[in-house]
Amino acid sequence: MGSELRNGPHGYGIVTRALHWTLFAAVAAQFAVGYLLDADDGGRGRGRGRGEESGRGRGRGGDDDAYTPFGDDTLLTVHVVVGGTVLLLGIARLVWRLATPLPPWAPTLTAGARRLAHATELVLYAATFAASATGLALLTAGEDLLPVHIAAQVLLYAAVAAHVGLVLKHQLINRDHLLARML
């Protein structure tokens with residue numbers, strides 16, 4: 001059992017798989033909460049305010065430009081907490097990734113597929129940190145950084161979609177059962 005904690009010839013270890021799927025669940029939850037934040041604004045988008053308060057942004061009180069994540073806006077608070085969780089899980093995953101070698105490449109992967117898998121992994125890490133970092137910056141800088149935060153989120157979701165697409169290709173077209181390595 002101890003050898004299955006770490007990655008090895010048997011595949012991905014328990015810690016890698018737990019971090020992978022927990023981070024995936026947190027990103028999925030963050031997507032849902034972000035969607036609810038937009039829906040809660042009646043389609044006007046975050047940070048645009050409502051009615052006479054237009055221009056003051058979600059969760060803000062008074063005239064200052066800083067978001068108030070732990071104020072009366074429960075959705076915004078959940079978004080901030082889940083975002084912090086995504087950041088911490090991303091850090092833990094990266095530290096674990098650097099501390100334990102990957103299992104051997106699946107024999108069905110070509111050199112090009114290996115390069116693509118590695119590039120996708122790098123973009124996933126970068127986008128995870130970019131979305132979290134811009135969210136934290138948004139808390140202190142106000143809504144001026146909202147477009148940057150949204151762009152980082154779009155990059156993250158595009159990277160996740162590319163990753164899932166590659167997994168589905170291998171599962172459904174190549175039928176090489178690479179998904180089993182992460183389950």
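**View 1. The whole protein contains four helices and zero strands**. In this predicted model, the elements run α-α-α-α when they are followed from the N terminus on. The protein has 183 residues, of which 34% are buried. If one takes the contacts between residues at least 6 apart in sequence, 62% of them join residues that are at least 24 apart. The accessible surface comes to about 10,400 Å², and carbon and sulfur atoms account for 68% of that surface.

**View 2. W21 and F24 form an aromatic pair in helix α1**. A search of the whole structure finds two aromatic pairs, and one of them brings together the rings of W21 and F24, whose centres are 5.8 Å apart. The planes of these two rings stand at 80°, and because an angle over 60 degrees counts as edge-to-face, the pair of W21 and F24 is described in that way. Both residues belong to helix α1, which covers residues 14-40, and they are three residues apart, or about one turn of the helix. W21 is partly exposed, since its relative accessible area is 34%, and F24 is also partly exposed, with a relative accessibility of 41%.

**View 3. F31 and Y157 form an aromatic pair that links distant parts of the chain**. The ring centres of F31 and Y157 lie 5.1 Å apart, and their planes are at 80°, so this pair is edge-to-face. F31 is found in helix α1 whereas Y157 is found in helix α4, and 126 residues separate the two along the chain. F31 has a relative accessible area of 48% and is therefore partly exposed, because the term exposed is kept for values over 50%. Y157 has a relative accessible area of 25%, so Y157 is partly exposed as well, given that buried means a value under 20%.

**View 4. A nonpolar patch on the surface is formed by V164, L168, L172 and I173**. Taken together, these four residues have about 390 Å² of accessible area. One member of the patch, I173, is placed in helix α4, the helix that covers residues 146-174. With a relative accessible area of 66%, I173 is exposed, because its value lies over the 50% cut-off. Helix α4 is also the helix that holds Y157, the partner of F31 in the aromatic pair of the previous view.

Terms used. Residues are numbered from 1 along each chain as its sequence is written. This is a predicted model: local features need pLDDT of at least 70, side-chain atom pairs count only at pLDDT 80 or more; totals for chains, interfaces and linings use all residues. Side-chain values use heavy atoms; hydrogens and water are left out. Patches are made of residues with over 30% relative accessible area and no salt bridge: like charges are joined within 9 Å, nonpolar side chains (Val, Leu, Ile, Met, Phe, Trp, Tyr) within 5 Å. Accessible areas come from the Shrake-Rupley method with a 1.4 Å probe; for residues, only the protein chains shown count as cover. A salt bridge is a side-chain nitrogen of Lys or Arg within 4 Å of a carboxyl oxygen of Asp or Glu. Buried means under 20% relative accessible area, exposed over 50%, partly exposed in between (1.4 Å probe, protein chains only). Rings of Phe, Tyr and Trp (its six-membered ring) pair if their centres lie within 6.5 Å; planes under 30 degrees apart count as stacked, over 60 as edge-to-face and the rest as tilted. Contact means heavy atoms within 4.5 Å.
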